[in-house]
Each structure stands twice: as structure tokens, then as C-alpha cells.
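Welcome, and thanks for opening the viewer. Please load the model shown here, keep the selection tool to hand, and follow along stop by stop.

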Amino acid sequence: MRSETRGTVELTLAMVLSGTLGVFVVESGARPFEVVFFRCLFGALALGAYSLARGFLTGHGFTPGKLGLAALGGVFIVLNWVFLFEAYEAASISLATVVYHTQPFFLVLLGALFAGERISAGRLGWLAVAFAGLVLVSGVRPGATGSLRGLGFALAAAVLYALATFVTRRIVGVRPHLIALVQVLAGLPLLLPFADFGAAAGLGTGWAWLAGLGLIHTGLMYVLMYAAYAKLPTAKVAVLAFAYPAVALGVDWAVYGHHIGLVQALGVPLIVLASLRVTLSGSAPARAVAPAPRTAARGPEAASPAATRAV
């Protein structure tokens with residue numbers, strides 16, 4: 001199998017897996033704080049075992065400064081997960097997923113505010129298109145407090161993801177697997193005071209869903225993505241990444257009967273098109289899938305310069 005073909009298969013499979021994440025969250029029956037805590041725990045075990053087996057822990061490239069940046073990015077990523085999973089409960093997986101894809105635009109704004117990056121007229125135009133799409137997708141009506149809360153949670157998650165990306169992109173010379181490992185490890189002490197282990201003890205089969213979030217969606221999925229990034233051009237990665245929201249919307253409809261309305265559906269292509277244009281124009285720095293947004297890592301499985309849409 002050709003290298004690019006293999007990368008296409010790997011990334012497509014990773015995006016399909018990411019599209020099923022919402023079902024694992026909901027079916028676990030746990031609160032978002034417990035869900036994220038155990039995702040970090042199981043994810044750390046998976047990424048740690050893989051990194052150890054591949055010898056990544058030797059010559060890791062971390063310095064105290066890089067380690068601090070990775071941990072700070074982990075704080076943002078973990079809180080991003082909490083808000084996103086709250087959005088699943090308050091609204092729906094479909095609404096939360098689409099709104100969550102405003103991440104690149106917050107990253108553009110952060111670059112302008114803190115890095116002196118200029119926002120051209122064209123970029124402002126795409127931001128306006130995305131905002132119009134967001135208004136349509138929200139579909140919030142007076143009295144629809146659940147949808148309004150869900151919209152707020154998803155936007156907060158998008159801002160936090162952008163902050164994590166903004167911080168983590170400054171780490172160079174470290175494999176993305178190791179940055180992801182540090183970030184999920186940072187989530188354990190952060191969430192420990194908020195996790196209700198008494199309630200988690202009675203989850204029953206919910207434990208299988210929680211283990212899946214860590215082993216599949218934080219272990220296997222990231223390994224597939226990081227392997228694919230080294231084989232694919234930026235444009236192809238950016239396009240394939242949209243399999244994630246497509247699968248998420250389809251799964252939400254198939255499993256829970258949730259679907260967005262006609263007016264909301266009109267906003268989806270606006271957000272997708274604007275996000276893709278911002279990503280490919282280079283105005284939004286690349287983002288590897290959380291919990292390790294874009295890094296300038298060296299090595300055969302370094303992060304791609306393209307944006308992805310997984311969580």
C-alpha cells in the first residue's frame with residue numbers, strides 16, 4: 001500500500017472514531033467531570049504504554065519550559081472537554097459538534113491579540129461568514145434554555161481549545177504523543193477535587209464506555225492520526241478532518257434521533273467552508289487533535305500542519 005494511501009486510511013479511520021465519541025460520553029452515564037477524569041486516566045495508560053514501547057521516552061526533548069507549556073495546554077484541553085461534554089447534555093451532540101468547529105476563528109483572534117498577527121480583509125470576511133453560520137446553526141428560540149446553554153458550553157469549549165493550541169504550538173522538538181501524554185496527566189490532579197468517585201462506582205457497564213474513551217479515543221485514535229500526518233499533504237488532512245463532524249451528526253441521528261432543522265442545516269456549510277478556507281490559508285495555525293494541539297515536533301510521526309476536527 002502506498003504511503004499516502006495508507007495515511008488516508010489511517011486518518012479516515014481516526015476521524016470516524018472521533019465522530020463516535022459523543023455516544024461513548026452519553027452512554028457512560030457519568031457526569032462530565034468524571035468522564036474527563038477517567039478519559040485522562042485511561043488515555044494516559046494507553047499513550048504511556050505506546051510511547052514506552054516505541055522508545056519515545058528516551059531523548060524526549062522536554063525542557064522545564066516546554067514541560068510547563070505542555071501542562072498549561074493540558075489545563076485548557078481538559079477544561080475544553082468538560083465544557084464540550086456539558087454541551088452534549090445541554091443540547092445535543094450535533095449542535096455541540098457544529099458549534100465547536102468555530103475553533104479556528106478564535107485561534108485567529110488570539111493570534112491578533114497576543115502575537116500581533118494581522119487579520120486581513122479576507123479573513124474578516126470568512127469570520128463574518130462563520131458567524132452567520134453560527135447564528136443559523138444555533139437555532140435558539142426564546143425559552144429554549146437548553147439549546148442556549150449548550151451553545152454557550154460549546155463556544156466555551158472552542159475558546160479553550162484555541163487557547164490550548166495557541167500555547168502548545170510553541171513547543172518544538174517534542175513528539176506529539178509525549179505532549180498529549182503530559183496533557184492528559186495534567187488533567188488528573190486538576191479534576192481530582194471535582195470527580196465524584198462514589199457515583200462513578202455504580203456505573204456498571206458505563207465503565208466499558210469510559211475505558212473506550214481513553215483506550216480508543218485517546219490512545220488508538222491519536223496514534224492513527226499522528227502516523228497519518230507524516231504521510232499526507234496539508235490540504236488532504238484538512239479535508240479528511242471533516243469526516244469527524246459528518247460522522248458525529250450521523251451517529252447522533254441514528255442512535256438518539258437528534259437532527260438539526262432546515263434553518264440550522266443552512267448554517268453548517270457556512271461554518272465548514274469558512275473553517276476550511278481559514279485553515280488552508282494558513283491564518284489558523286495547525287492543530288493536532290486534542291489533547292495535543294499542533295506542535296512543531298520532529299520525527300517520523302510529527303504533527304501535521306493541517307487543522308483537524310477531533311476532540
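## Stop one: helix α1

Select α1, whose 17 residues reach 24 Å from the first C-alpha to the last, close to the 24 Å expected at 1.5 Å a residue. The expected span of a helix is taken as 1.5 Å times one less than its number of residues. Helices here are DSSP runs of H or I with at least four residues, strands are runs of E with at least two, and both are numbered from the N terminus.

Before going further, a word on what you are looking at: this is a predicted model, in which local features need pLDDT of at least 70 and side-chain atom pairs count only at pLDDT 80 or more, while totals for chains, interfaces and linings use all residues. Residues are numbered from 1 along each chain as its sequence is written, and side-chain values use heavy atoms, with hydrogens and water left out.

Now colour the buried residues of α1: Gly7, Thr8, Glu10, Leu11, Ala14, Met15, Leu17, Ser18 and Gly19. Buried means under 20% relative accessible area, exposed means over 50%, and partly exposed lies in between (1.4 Å probe, protein chains only). Show the surroundings too: what covers these buried residues includes α2 (21-28), α11, α12 and α13. Contact, here and below, means heavy atoms within 4.5 Å.

## Stop two: the salt bridges

Stay with α1 and show the side chains of Arg6 and Glu10, which meet in a salt bridge at 3.3 Å, N to O. The rule asks for a side-chain nitrogen of Lys or Arg within 4 Å of a carboxyl oxygen of Asp or Glu. Why can such side chains pair? Side chains of opposite charge can do so when their charged atoms come close. Glu10 and Arg6 are 4 residues apart in helix α1 (residues 3-19), which means about one helical turn separates them. An α-helix has 3.6 residues a turn, so residues three or four places apart point the same way. Glu10 counts as buried at 11% relative accessibility, whereas Arg6 counts as partly exposed at 47%.

Next, add Lys231, whose side chain meets that of Glu10 in a salt bridge at 3.1 Å, N to O. Lys231 lies in the loop between α11 (206-229) and α12 (234-240) and Glu10 in helix α1, so this pair ties together parts that are 221 residues apart in sequence. Lys231 counts as partly exposed, at 22% relative accessibility. With the three side chains on screen, you have a network of salt bridges linking Arg6, Glu10 and Lys231.

How many salt bridges does the rule give? The count comes to 3. To see another one, select Arg31 and Glu34, whose side chains meet at 2.8 Å, N to O. Arg31 is partly exposed, with a relative accessible area of 40%.

## Stop three: Glu34 and Leu210

Keep Glu34 selected and find it in helix α3 (residues 32-54). Is Glu34 buried or exposed? Glu34 is buried, with a relative accessible area of 2%. Leaving out residues up to four places away in sequence, Glu34 touches Phe194, Ala195, Asp196 and Ala200.

Then move to Leu210 in helix α11, a buried residue with a relative accessible area of 0%. With residues up to four places away in sequence again left out, Leu210 touches Ser28, Val35, Phe38, Phe42 and Leu203. Try a distance label from Leu210 to Leu41: their C-alpha atoms are separated by 9.7 Å, with the two positions 169 residues apart along the chain.

## Stop four: α5 against α13

Select helix α5 (residues 93-100) and helix α13 (residues 243-256), which pack at an angle of about 170° with their axes 9 Å apart. Axes are lines fitted to C-alpha atoms, for helices over the stretch in contact, and angles run from 0 to 180 degrees between N-to-C directions. The two helices, α5 and α13, are therefore roughly antiparallel to each other; angles over 145 degrees count that way, under 35 as roughly parallel, 65 to 115 as roughly perpendicular and the rest as oblique.

For the contact itself, show Ile93, Ser94, Thr97, Val98 and Tyr100 of α5 with Tyr244, Pro245, Ala248, Leu249, Asp252 and Tyr256 of α13. By class, this contact of α5 with α13 has 8 nonpolar, 2 polar and 1 charged residues. Ala, Val, Leu, Ile, Met, Phe, Trp, Tyr, Cys and Pro count as nonpolar, Asp, Glu, Lys and Arg as charged, and the others, Gly among them, as polar.

## Last stop: α14 and the whole chain

Select α14 and colour its buried residues, among them Gln264, Gly267, Val268 and Ile271. Finally, zoom out: the chain has 14 helices and 0 strands, and buried residues make up 55% of its 311 residues.
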